[in-house]
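Let's take a walk through this protein together. Keep the picture open and follow along as we go.

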Amino acid sequence: MLQAIIFDMDGVLVIWTGYVWKSFSIVLNKYGIDISQSDRKKYLGKSLADQIKMWKEEYNIQQDIILEDFAKEALTYQLEFMKNELHPDKDVQKLIAEAKEKGIKIAVGTSSHKERAITMLKLVGVFDKIDALATFEDVENAKPAPDIFLKAAELMNIQPENCLVIEDALNGIEAARAAHMKVIGKVWPHHTKEELEIADFVFENFDEITLQNIENLF
């Protein structure tokens, strides 16, 4: 029985049209790193901490990259780039409102930092509507491990099998599967519809799904 919907953030609630990578590139240039478009896919859905670890190994970076400093600097650029583009999605708002009316709880499970997540969720008009927020700071293992989604369920006091996850990245879909949750995939430029078909259902825009569609998966 559906009792909670857990949204991923980037690519699902926050449509950032490349600005996250643009901000990362500016900061990474200080370390002499230029990540190609084709190489970015493998980092999707991973926490910034995990990405930094991968970058250090793959690009043989000898300097320390301080996670908190990197995150703050990148967020400053992101907010500048996105300040005129981030806005509430009426179809997301409708889905959340319908769920809340039926007593279904809403959470966000993201690999982002908590400070960044709160900032972004406020900008898209979702933060004051959620019952729980789980970020990589709340767990030991980031996606594709199930920890973030299991933490969100725990915060809502709901069993995992009664949760549905909405994700745009394969790492996130695998995390939801590992958490024994239903999951639907949102098509995003980094993954094709065919790649996301390991999910229970795949969609491109929120106007394609209803609460009834979701409940029918249970």
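With 218 residues, a compact globule would be expected to have a radius of gyration near 17 Å, and the protein chain agrees, because its own value is 17 Å. That radius is taken over C-alpha atoms, and the globule rule is 2.2 Å times the number of residues to the power 0.38. Along the principal axes, the C-alpha atoms fill a box of roughly 50 × 35 × 30 Å.

A word on the ground rules: this is a predicted model, so local features need pLDDT of at least 70 and side-chain atom pairs count only at pLDDT 80 or more, while totals for chains, interfaces and linings use all residues. Residues are numbered from 1 along each chain as its sequence is written, and side-chain values use heavy atoms, with hydrogens and water left out.

How many helices and strands does the protein chain have? There are eight helices and six strands, where helices (H or I, at least four residues) and strands (E, at least two) are DSSP runs numbered from the N terminus. Reading from the N terminus on, the order is β-α-α-α-α-β-α-β-α-β-α-β-β-α.

Now for what is inside and what is outside. Buried residues make up 52% of the 218 in the protein chain; buried means under 20% relative accessible area, exposed over 50%, and partly exposed in between (1.4 Å probe, protein chains only). The accessible surface of the protein chain comes to about 10,400 Å², and 48% of it belongs to carbon and sulfur atoms. Those areas come from the Shrake-Rupley method with a 1.4 Å probe, and for residues only the protein chains shown count as cover. Of the contacts (heavy atoms within 4.5 Å) with a separation of 6 or more, 66% are between residues 24 or more positions apart.

Let's look at a pair of helices. Two packed helices are described by the angle between their axes and the distance between the axes. Helix α3 (residues 67-82) and helix α5 (residues 114-123) pack at an angle of about 10°, and their axes are 11 Å apart. That makes α3 roughly parallel to α5. Angles under 35 degrees count as roughly parallel, over 145 as roughly antiparallel, 65 to 115 as roughly perpendicular and the rest as oblique. The axes are lines fitted to C-alpha atoms, for helices over the stretch in contact, and angles run from 0 to 180 degrees between N-to-C directions.

Which residues meet there? From α3 come Lys 72, Leu 75, Gln 78, Leu 79 and Met 82, and they meet Glu 115, Arg 116, Thr 119, Met 120 and Leu 123 in α5. The residues of this contact divide into five nonpolar, two polar and three charged. Elsewhere in α3 you'll find Glu 80, which is partly exposed because its relative accessible area is 48%. Its C-alpha atom and that of Phe 206 are separated by 26 Å, with their positions 126 residues apart along the chain.

Just ahead of α3, Ile 65 lies in the loop between α2 (48-58) and α3. Is Ile 65 buried or exposed? Its relative accessibility is 9%, so Ile 65 counts as buried. Leaving out residues up to four places away in sequence, Ile 65 touches Tyr 31, Ile 52, Lys 56 and Phe 70. Asn 60 has its place in the loop between α2 and α3 too, but Asn 60 counts as exposed because its relative accessibility is 56%.

Asn 60 also brings us to backbone angles. Most residues other than glycine have a negative phi, and most peptide bonds are trans. Asn 60 has a positive phi of about 50° although it is not a glycine. His 180, in the loop between α7 and β5 (182-186), has a positive phi near 65°, and His 180 is exposed, at 63% relative accessibility. Between Lys 143 and Pro 144 there is a cis peptide bond, with omega about 15°; Pro 144 lies in the loop between β3 and α6.

That takes us to helix α6 (residues 147-156), whose buried residues are Asp 147, Ile 148, Phe 149, Ala 152, Ala 153 and Met 156. Their cover includes β1 (4-7), β2 (105-109), β3 (132-134), β4 (163-167) and α7 (170-178). Just after α6, Asn 157 takes a positive phi of about 60°.

Methods. Nonpolar A, V, L, I, M, F, W, Y, C, P; charged D, E, K, R; others polar.
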